[in-house]
Amino acid sequence: MKLDTRTCIRTGITIVAIYLFIHYWSVIAGGIGLAFHAASPLILGFVVAYAVNILMSVFERVYFPNTHNRFLNKSRRVVCILVSYLCLIGIIALIIGLIVPELTNCVKVLIAKIPPLMDQVSAMLQNNQEMSWFVKEFGTMTANGSIDWQSIVTKAADWMAGSLGGAMGLVGSVVTATFSTTFNIIMSIIFSVYLLAGKKKILSQIKRTAKAYLKTAIYEKIQYFLGVLNESFHSFIVGQCLEAVILGSLCAIGLLVLRMPYAGMIGALIGFTALIPVAGAYIGGAVGFLMIATESPVQAVVFVIFLVILQQLEGQLIYPRVVGASIGLPGIWVLAAVTVGGSVMGVSGMLLFVPLASAVYRLLKEDVDKRTS
């Protein structure tokens, strides 16, 4: 094979680039991390805009779609954005309204049960010689022979006072992080509103720029890939939300039939956590178990049995038809995507990797069918 000068130059540049990339990977990774951190409000704003746009598209199809009235046409975008955000805020407020009051009552019950528990611990420590070191180290005995818990609290307070400097630093870090998070959320919402308000113009500008700098074949491939990706994410979000509503409703109804406490709150919690694929409902179930256990341990065990049965029915009958069919991804690959995504990026990875795996699975399947046909 004959090598020309241009090929040698390209090969040399490629080798040097690979060497620099590997040698300075820590610097490159730091720069990428810094860029993502700086752009996090914009990224979050895009995610919010994408999710809200699904709801907004429904309202746009309902809000006088065929009218020739100039005012209605101009007001369509503003009204639909406003209604979409109000619906989203209303849903969040409803979930909080169902969960927080019941959770507060549960905490009050737990606090009320602490004094009897402390008395039991005192009796155990008095009767157990092996635990006498606890009394010697951390507390003293009162006149009637019980443990002086006030002395223990005083010693703990003295220890905390000795660590006041570190505590103040921790408080400062928490305040700074809270302010930064609040600022990022506000900027993300503002950015999402701008994206939704000018989505047609922004998409048109992106398409024109891509056509100007990319070859037609490459542009069409990228457009098709993004179209498949959009369909996968759209179907996943709609299907996952519908499945969460169904599962939460069935859970609440089942708890009401079984006459268990906190039925509405646990149903809303199960529905909310079910937005996390596969494992979400069990996360909410753990909280529900602890709350019901404060009222009746036997009912808590019954709740776990009921939730396991409900999850099996949901996994076999509801999820495949609602979510699995909508994204076209077999259950084994859904589980794999959730596992890998959770390991890499936590909860956000679980939500991101399932539609990504669906898009890759569809594109790979189409390519294999094309090559083997």
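Which residues in helix 10 meet helix 11? Let's start there, everyone, and please keep in mind that this is a predicted model.

On the helix 10 side, the contact is made by Ala244, Leu247, Gly248, Cys251, Ala252, Leu255 and Leu256. They meet Ala263, Ile266, Gly267, Ile270 and Gly271 in helix 11. Sorted by type, the residues of this contact are nine nonpolar, three polar and no charged.

Now, how are the two helices arranged? Two packed helices are described by the angle between their axes and the distance between the axes. Here the axes of helix 10, residues 216-257, and helix 11, residues 263-273, come within 7 Å and cross at roughly 155°. Angles over 145 degrees count as roughly antiparallel, so helix 10 is roughly antiparallel to helix 11. The crossing is right-handed.

Next, the loop between them. Arg259 sits in the loop between helix 10 and helix 11, and so does Tyr262. Arg259 is not a glycine, although its phi is positive, about 55°. Tyr262, also a residue other than glycine, has a positive phi near 60°. Buried or exposed, what are these two? Arg259 is exposed, with a relative accessible area of 72%, whereas Tyr262 is buried, at 10%.

Last stop, helix 15, which runs over residues 347-372. What span should its 26 residues have? At 1.5 Å a residue, the expected value is 38 Å, and the end C-alpha atoms are 38 Å apart, so the two agree. The buried residues in helix 15 include Gly349, Met350, Val354, Pro355, Ser358 and Ala359.

That's my tour, thanks for listening!

Key
Residues numbered from 1 in each chain as written. Predicted model: local features only at pLDDT ≥ 70, side-chain atom pairs only at ≥ 80, totals over all residues. Heavy atoms only, no water. Axes fitted to C-alpha atoms, helices over the stretch in contact; angles between N-to-C directions. Helix = DSSP H or I, 4+ residues; strand = E, 2+ residues; numbered from the N terminus. Parallel < 35°, antiparallel > 145°, perpendicular 65-115°, else oblique. Left-handed = near helix turned anticlockwise from the far one by under 90°. Contact = heavy atoms within 4.5 Å. Nonpolar A, V, L, I, M, F, W, Y, C, P; charged D, E, K, R; others polar. Expected span 1.5 Å × (residues − 1). Buried < 20%, exposed > 50% of the residue type's maximum accessible area, 1.4 Å probe, protein only.
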